[in-house]
Amino acid sequence: MGRWQRAVGVFVLGVAVLGSALLVLGVALTLTSRPQPTDHSVIVGTWQLLYNTEAPSASTLLMAVGIGLVCAAGVGAMERRIANRSRRGYNPVRQPLAPRVVMTRTRGVFHGPITVTVLIPAHNEQACIGATLRSLFDQSVVPDRIIVVADNCTDDTELIARAAGAEVFSTVDNVHKKGGALNQALQQLLQQQGHNDLVLVMDADTTIHREFVSAGVQRMTNDRALMAVGGLFYGEEGEGLLGQFQRNEYHRYQRDILRRHGRPFVLTGTATLFRSVALQQVAAARGRWLPGVPGDVYDTAALTEDNELTLALKSMGALMVSPQECTVVTEVMPTWRALWAQRLRWQRGALENLGAYGFRPATFRYWVQQLGIGYGVIALAAYLLLMLVMAVSMSSWVWFPFWLGIGLVFVLERVVTVWRGGWRARLLAAAIFPELIYAMFLDLVYLKGVVDISMRRSAQWRHLVPSTRGGRLEVSR
């Protein structure tokens with residue numbers, strides 16, 4: 001398993017490079033012969049060999065568009081086929097959460113009224129736990145139980161939670177961070193739960209929309225085969241330009257989910273509602289069909305426990321959705337250092353999850369996503385490099401109508417996809433270049449994650465602790 005996980009980074013980046021090379025070769029084969037460079041200086045000569053200032057030919061454009069459409073259609077068709085097979089399949093052993101299996105098992109059985117229990121893992125969260133609890137007690141349908149899972153807290157988190165009316169579960173000798181804390185609480189809770197008992201797991205730095213619980217319960221009531229309802233997360237206000245970068249990013253992600261009719265890529269750790277039976281099945285499958293320790297709901301070896309649990313549920317055939325009504329507001333990273341730590345954990349965790357699960361139908365989309373990110377890193381780097389070469393090679397600035405048109409289309413796409421974020425989001429998107437810098441930062445995080453996993457460097461889980469000094473976030477190992 002260790003060797004396979006190490007190979008994930010090399011494989012993803014290698015395939016992305018190969019795809020880039022094949023596309024360049026394909027475009028090159030459609031071009032007519034070029035005139036030899038008239039300037040024999042190194043910079044100008046290199047520019048004239050690498051780039052043709054004339055607009056691409058019609059055949060080149062058609063080929064590029066065709067490749068893109070074929071790839072997109074192929075991925076969509078394959079994902080649809082995998083989803084349909086999972087819904088219609090009947091394998092109670094390997095996929096006990098598949099809709100057909102669940103519907104057969106529960107037909108004609110009354111499992112009692114639906115109940116909702118909230119688990120909030122918290123480690124020194126006194127700065128934000130109060131707002132989180134208020135958003136729960138203000139729900140139109142108030143949960144039956146609200147439990148703060150206090151994990152090695154040395155501040156007033158437990159006192160604030162009890163004063164607000166929540167129960168407190170204190171972990172014992174937990175060294176496995178958030179996943180270990182939740183495993184201890186779930187080990188006791190799930191023993192008493194049935195098919196219509198729901199567990200809402202949410203972060204301590206998150207507030208949820210007033211109708212979140214109501215909408216989730218309604219979804220579960222209408223479809224007894226539904227195993228999880230994930231939240232659509234948005235970034236909180238504040239933190240200047242860096243905060244707006246993240247809010248724009250989250251708006252685009254939520255738009256993608258809505259276009260997929262609520263089919264989530266990841267059941268966000270910020271807030272997700274689960275059927276208890278789904279979590280019970282995951283715990284029973286650990287060490288057999290799923291990675292992890294038998295009896296644990298969360299794999300404590302995973303850096304991104306929400307992504308790993310999503311793969312576990314999908315591997316077992318679970319039906320899940322992230323509806324528009326279930327919105328979540330979470331903290332944005334206030335510094336580039338904190339953002340680097342967060343995103344490196346996400347990226348490294350995603351790659352490690354793929355290494356743990358390998359190639360199976362449930363991971364198909366995730367492999368494609370990682371390859372797409374790798375190709376995007378190469379494409380953006382090549383684009384910026386060629387712009388730099390052009391700037392130092394040409395004696396005067398030249399406006400190319402074709403590329404201006406492409407740029408305007410790109411600007412329009414960036415603005416439209418964050419339109420709901422307000423005028424600040426639209427202005428930042430229209431400026432283009434600031435978001436290009438942000439994209440380059442995320443590309444560096446991606447490359448760092450690929451290199452680290454390829455070199456088998458040990459990963460470190462970093463907890464972002466809200467500080468009482470001005471509400472800033474501190475990074476602790």
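**Entry 1. The second largest cavity**

I started with the second largest cavity and listed its lining: Gly-231, Leu-232, Phe-233, Tyr-253, Gln-254, Ile-257, Pro-264, Val-266, Thr-268 and Ser-322. The model I am reading is predicted. I noted a volume of about 30 Å³ for this second largest cavity. Two elements each give at least two residues to its lining, strand E7 (232–235) and helix H9 (240–259). I found that H9 contributes the most, with 3 residues. Sorted by class, the lining holds 6 nonpolar and 4 polar residues, with no charged ones.

**Entry 2. The largest cavity**

I then asked how many cavities of 30 Å³ or more the structure holds. The count is 2. The largest cavity encloses about 90 Å³. I counted 13 residues in its lining, and those nearest the centre are Leu-267, Gly-269, Phe-274, Tyr-298 and Asp-306. Helix H7 (177–189), strand E8 (271–275) and helix H11 (305–315) each bring at least two residues to this lining. H11 has the largest share, 4 residues. Here I recorded 6 nonpolar, 4 polar and 3 charged residues. Charged residues thus appear in the lining of the largest cavity, whereas the second largest cavity has none.

**Entry 3. The second largest pocket**

Next I looked at an open site. The second largest pocket has a volume of about 830 Å³. Its lining takes in 35 residues, with Ile-82, Ala-83, Ser-86, Lys-314 and Ala-362 closest to the centre. I traced the elements that supply two or more residues: helix H3 (58–88), H11, strand E9 (319–321) and helix H13 (364–393). H3 gives the largest share, 8 residues. By class I wrote down 17 nonpolar, 8 polar and 10 charged residues. H11 is on my list twice, as a contributor to the lining of this pocket and to that of the largest cavity.

**Entry 4. Helix H10**

I moved to H10, which spans residues 276–285. Is H10 mostly covered or mostly open? H10 is mostly covered, with 7 of its 10 residues buried. I named the buried ones: Ser-276, Val-277, Ala-278, Leu-279, Val-282, Ala-283 and Ala-285. They pack against H7, E4, strand E6 (226–230), E8 and H11. Three of these partners, H7, E8 and H11, also supply residues to the lining of the largest cavity. After H10 comes Gly-287, and I read a positive phi for this residue, near 85°.

**Entry 5. Gly-292**

I placed Gly-292 in the loop between H10 and H11. I asked whether Gly-292 counts as buried or partly exposed. Gly-292 is partly exposed, because its relative accessibility is 28% and buried would require under 20%. Setting aside neighbours within four places in sequence, I found Gly-292 in contact with Arg-286, Gly-287 and Asp-299. The Gly-287 in that list is the residue with positive phi that follows H10. I also checked Ala-356: it lies 64 residues from Gly-292 in sequence, and the C-alpha to C-alpha separation is 9.4 Å.

**Entry 6. Helix H5**

For H5, residues 129–137, I listed Ile-129, Gly-130, Thr-132, Leu-133, Ser-135 and Leu-136 as buried. An α-helix has 3.6 residues a turn, so residues three or four places apart point the same way. I read the buried positions 129, 132 and 136 with that in mind. The buried residues pack against strand E1 (115–122), strand E2 (145–150), helix H6 (157–164), strand E4 (197–202) and strand E5 (206–208). E4 therefore turns up again in my notes, since the buried residues of H10 also pack against E4.

**Entry 7. Whole chain and confidence**

Last, I took the overall values. The protein chain has 16 helices and 12 strands. Of its 477 residues, 46% are buried. About 23700 Å² of the chain is exposed, and carbon and sulfur atoms supply 61% of that area. Among contacts with a separation of 6 or more, I noted that 75% join residues 24 or more positions apart.

On confidence, the chain has an average pLDDT of 84, and 84% of the residues score at least 70. I marked two stretches as low. Residues 39–46 stay under 50 in pLDDT, and the model gives them 8 contacts beyond four places in sequence. Residues 467–477 are also below 50, with 33 contacts beyond near neighbours in sequence.

Conventions
Residues numbered from 1 in each chain as written. Predicted model: local features only at pLDDT ≥ 70, side-chain atom pairs only at ≥ 80, totals over all residues. Heavy atoms only, no water. Buried < 20%, exposed > 50% of the residue type's maximum accessible area, 1.4 Å probe, protein only. Contact = heavy atoms within 4.5 Å. Areas by Shrake-Rupley, 256 points an atom, 1.4 Å probe, with all protein chains shown as cover. 1 Å grid on protein atoms, 1.4 Å probe; cavity = no way out; pocket = protein on both sides within 12 Å on 5 of 7 lines; lining within 4 Å. Points joined across faces, edges and corners; volume = space filled by probe spheres on them. Nonpolar A, V, L, I, M, F, W, Y, C, P; charged D, E, K, R; others polar. pLDDT = per-residue confidence, 0-100.
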